[in-house]
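Colleague: I would like a close look at a single part of this model, in plain terms. Please keep to what the coordinates show.

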Number of protein chains: 2
Amino acid sequence: MRHIQPNDLTNQDRFYKVAFFNTLSGIRTPFMVGTKGAVANIGLFNSIVHLGANPPLLGMVFRPATVPRHTLENILENGWYTLNSVTESLIEKAHQTSAKYEREASEFEAVGWKPHYEEDIPAPFVAESPLRMALQFVEKHHISANDTIFLVGEVKHIWIDEQAIDESGEILHDVLGTTLVSGLDAYYSRKKIGNQPYARP
Amino acid sequence: MRHIQPNDLTNQDRFYKVAFFNTLSGIRTPFMVGTKGAVANIGLFNSIVHLGANPPLLGMVFRPATVPRHTLENILENGWYTLNSVTESLIEKAHQTSAKYEREASEFEAVGWKPHYEEDIPAPFVAESPLRMALQFVEKHHISANDTIFLVGEVKHIWIDEQAIDESGEILHDVLGTTLVSGLDAYYSRKKIGNQPYARP
């Protein structure tokens, strides 16, 4: 086992440190976040985290200082955003939406998708995604230690491939073909091993 | 595509709703969180999220109302905690640590592990894990919407299998054998597809 303290990486370049610390926390599920400002916007995020089932709340992290904040600004302005899952066949286009486009450029247009809208929801969906949610902004928290933002939203609508919900309520990500990501660019596939029984002392 | 609004699930039992909303946000990487109170404690968490590389910060979610808070109380008392990754061979024991043990019972003892300590770090490690980190508490935020806690910590030490770090700094989770989880009990394996190039407009 190698022992590393953050200062040991001082001589490595910036990209090495970013790759190391971004992949240290493991593998997550990326979502394309759809918002509406002057144009229909997509941002790629892998920091979505479950906060509770009743009401259904999800959190996500924004890095204000280092990436354009179109997604955050749009959410705070009109209160709505969508989460759209990424399947293996969508990886290349989804990843392309992570490029730093100008405010007036739509990532939908850039990758050749038509924004999909549902009644009364002022945020665009990616129709190609087999799991789509609409969320409403609830609250945000400023992380003092590095000026990131932790944003909380409530799930109001879900569109999902019916076959991907099993009889217990579990969503079967093998059926959806959900892709995974570690850090900014390392994509993974997943295969279910099985369910563990409820643990008792 | 099936359209679901949270109220549509009102007639389903509580377990269905918990399974549905816990697996909706995708698949994450579980970590065994080691803390020290009266005994050496392990809690199983899948809400670890990357907040930044410089300084290296990780966030995690605590549900104060529904699960015992030994892990949170220990962190707030002595300031330190460890994150220990779960490999496929560790799933059964790691999952068992999610049982609601009494405060004076050690999950290490319950699953037959000996707590591992490193100099000057008042929190126990799981020696069986090939990726172990020591973190210090930085700040916590109260999520008003459902009384959860978002806790931020700084990574101070890492112990990792040397072969799992590639020349770019990326941690290779296929080499570590990192297991994944969706919701509370659906375990997954992972396989790397590849790295996407840096996206430019």
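Which are the buried residues of helix H2 (residues 70–78) of chain B?

Modeller: This is a predicted model, in which local features need pLDDT of at least 70, side-chain atom pairs count only at pLDDT 80 or more, and totals for chains, interfaces and linings use all residues. Residues are numbered from 1 along each chain as written, chains are lettered from A and ligands numbered from 1 in written order, and side-chain values use heavy atoms without hydrogens or water.

In H2 of chain B, the buried residues (under 20% relative accessible area, 1.4 Å probe, protein chains only) are B:His70, B:Thr71, B:Leu72, B:Asn74 and B:Ile75. Helices and strands here are DSSP runs (H or I, at least four residues; E, at least two), numbered from the N terminus. Strands of chain B help to cover these residues, including E2 (31–36), E3 (40–45), E5 (56–62), E6 (80–85), E7 (131–143) and E8 (148–160). Just after the helix comes B:Gly79, with a positive phi of about 85°.

Now the setting of chain B. Superposed by least squares on C-alpha atoms with pLDDT of at least 70 in both copies, chain B fits chain A with an RMSD of 0.0 Å after a turn of 180° and a shift of 0.0 Å along the axis. That is how a two-fold axis relates copies. Of the interface residues of chain B, 100% are also interface residues in chain A, so the copies meet through the same surface. A:Thr23, in helix H1 (residues 14–24) of chain A, is buried at 3% relative accessible area. Beyond four places in sequence, A:Thr23 touches (heavy atoms within 4.5 Å) A:Ser182 and A:Gly183, and also B:Gly169, B:Glu170, B:Ile171 and B:His173.

Note on methods: Buried means under 20% relative accessible area, exposed over 50%, partly exposed in between (1.4 Å probe, protein chains only).
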